[in-house]
Each structure stands twice: as structure tokens, then as C-alpha cells.
Amino acid sequence: MAHVLLPAARWFSTIRKGKSVSSARWLNRQQNDHIVKQAKREGLRSRAALKLREINAKFNVVRKGNVVIDLGAAPGGWTQIAIDECRKGCPPENPDKPGKVNVIAIDLLHFVAFPGVGVIVGDFRKPDIQAKIVDYLAGRQADVVLSDMAPSFSGLGFRDSEDQLRLCQNALRMAQLYLKPGGRFVSKVLRSPAGDQFRTELKQYFDVVKAMKPESSRPESTEIFYIGLGFRRSTQQE
Ligand SMILES: C[S@@+](CC[C@H](N)C(=O)[O-])C[C@H]1O[C@@H](n2cnc3c(N)ncnc32)[C@H](O)[C@@H]1O
């Protein structure tokens, strides 16, 4: 949450006041260390968890009792925040039974689940993985689709942002398939002109589309998060 990251925010304002590039880099590294340490201290699976926590504090995306699809979930930082929000004070019976899990977490990589989370290992675009998602949903629609996915980066900026954008567009397809009307969506996007177009695309499906750069996101990273609120079918689609 924001209060946790306040010291880092103070360092940022120092950078903006015109320190040299090298001291800005040093300060950024301190900021990153601080955030990694923070995540460890709290027993979070990754620093990424802090990003979703900030997003959720601002936009109330994941709520008590929700059903969440978490794309690109390993090692489980977002999953951990999502299940905590879904389960606030209400541990259910048989939390791991399909039809009872609150979070369906998918990744190419295996990671250890939490109670109430169904983990699926594989590429979410493949039919067998989609079938497993449908099994876990057991007739329910999702309240939220999250995507923190990233491709394996080649180091070539243009290619990497194209690959990442394709994942975002496929995450939006997942929303079209599984999200309930009024549902919410969060996707990581790398800043680029194509990323801006994706924001325009999101506006066809959501009443409100916001962008956020959490304080826990590395300042030098081009990542930004788009948040879609109030899902509706595109009129162009019907
Ligand atoms: C930044 S990491 C996710 C971090 C995670 N959200 C957390 O909070 O700990 C990005 C993940 O996207 C996954 N990924 C990339 N392409 C994918 C695909 N097609 N299907 C499923 N997962 C994918 C990668 O395996 C990687 O683990």
C-alpha cells in the first residue's frame, strides 16, 4: 500500500529536483531494494504483489467473494493479493474444489498454490488449458481478469512490446469469453504507440479505462497498467 512505500516516494521527489543521472540511478536502485525487501518482509511471493496491491487500493478491482482469472501468475505475487481480497474473513468449505476456488491462476511455469487457488500450468491460449479454466469456473463467470504477463524478452524494444501487446490482446479475448457484465480487468502493457491503441481498444469493452504506474513499479521500466471497469460486450462485436 502507499503508506509502505512512502520513503521511496520521497526519494523520487529528490530525483525530480534535478540530481545527476548517476545519483538518480543510485537512488532508483535504493528504491528497488527497498521494495524487494518490503515484499520479503511481508512474505509476499514477488515484488509484483505490491503493484497489484496499489492498483487494488485505488480501483477496488478484486473484492470479497470474487472469482478471478490471473494470467501470468507465477511465482504467485498477484495471486496472493487476489486470494486475500477474495477471502477477506470468509474461508469457505472445500476451497480447492473446482466451482469453489476464487482464483484461477495460469502460467507457463509451475508454482505452489494457496488454498482457494486453482493453478493451471500451460499457455492460456491453448484449448486444453481453456478447458481447465472452464472446469474451475464450473458454470460461473469471472468478476475479474488480471494479466501481468510478459513474454521472454529479446532485448529488442520494438519486438518485445509487440509480443507483450499480443499477450494483452489475448488477455482481452479471455475477458470477452469469461468476464461477467460489469466485470473488471487489469493488464500490464509496455508503453508504446501500439500500447496506446490497446487502451483505445479497451474503451470498446469497458465503461471506464484508467492507466496507472504503481510506485512499486521500477521507474525505468516502460510498464504501465491499464484498468478496465464496467465490462460490456462491444457494440461492434454484436
Ligand atoms: C512478470 S511475470 C508474472 C509475475 C506474477 N504476476 C507475480 O505477481 O508473481 C510474467 C509471467 O507471464 C508468464 N507468461 C508469459 N506468456 C504466457 C502465456 N502464454 N501463458 C501463460 N503464462 C504466460 C510467464 O511465464 C511469467 O511467469
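What follows is a short look at the ligand site and the salt bridges of this structure. The model is predicted, so local features are reported only at pLDDT of at least 70 and side-chain atom pairs only at pLDDT 80 or more, while totals for chains, interfaces and linings use all residues. Numbering runs from 1 along each chain as its sequence is written, and side-chain values rest on heavy atoms, with hydrogens and water left out.

The ligand is surrounded by 21 residues (a heavy atom within 4 Å of it), and the closest are S46, G77, W78, D107 and D148. Sorted by class, this shell has 11 nonpolar, five polar and five charged residues; Ala, Val, Leu, Ile, Met, Phe, Trp, Tyr, Cys and Pro count as nonpolar, Asp, Glu, Lys and Arg as charged, and the others, Gly among them, as polar.

Polar contacts here are pairs of N or O atoms within 3.5 Å. The side chain of D107 places an N or O atom 2.6 Å from a ligand oxygen. On the backbone side, a polar atom of G72 sits 3.1 Å from a ligand nitrogen, and an N or O atom of P75 is 3.5 Å from a ligand oxygen. Taken alone, the ligand exposes 600 Å², and the protein buries 87% of that (Shrake-Rupley method, 1.4 Å probe).

As for charge pairs, the structure holds 10 salt bridges (a side-chain nitrogen of Lys or Arg within 4 Å of a carboxyl oxygen of Asp or Glu). One of them joins K88 to E85, with the closest N and O atoms 2.8 Å apart. K88 is partly exposed at 46% relative accessible area (between 20% and 50%, 1.4 Å probe, protein chains only), whereas E85, at 18%, counts as buried (under 20%). D163 and R166 form another, at 2.9 Å.

Notes:
A polar contact is a pair of N or O atoms within 3.5 Å; within protein, one must be able to donate a hydrogen and the other to accept it, and residues adjacent in sequence count only if both atoms are side-chain atoms.
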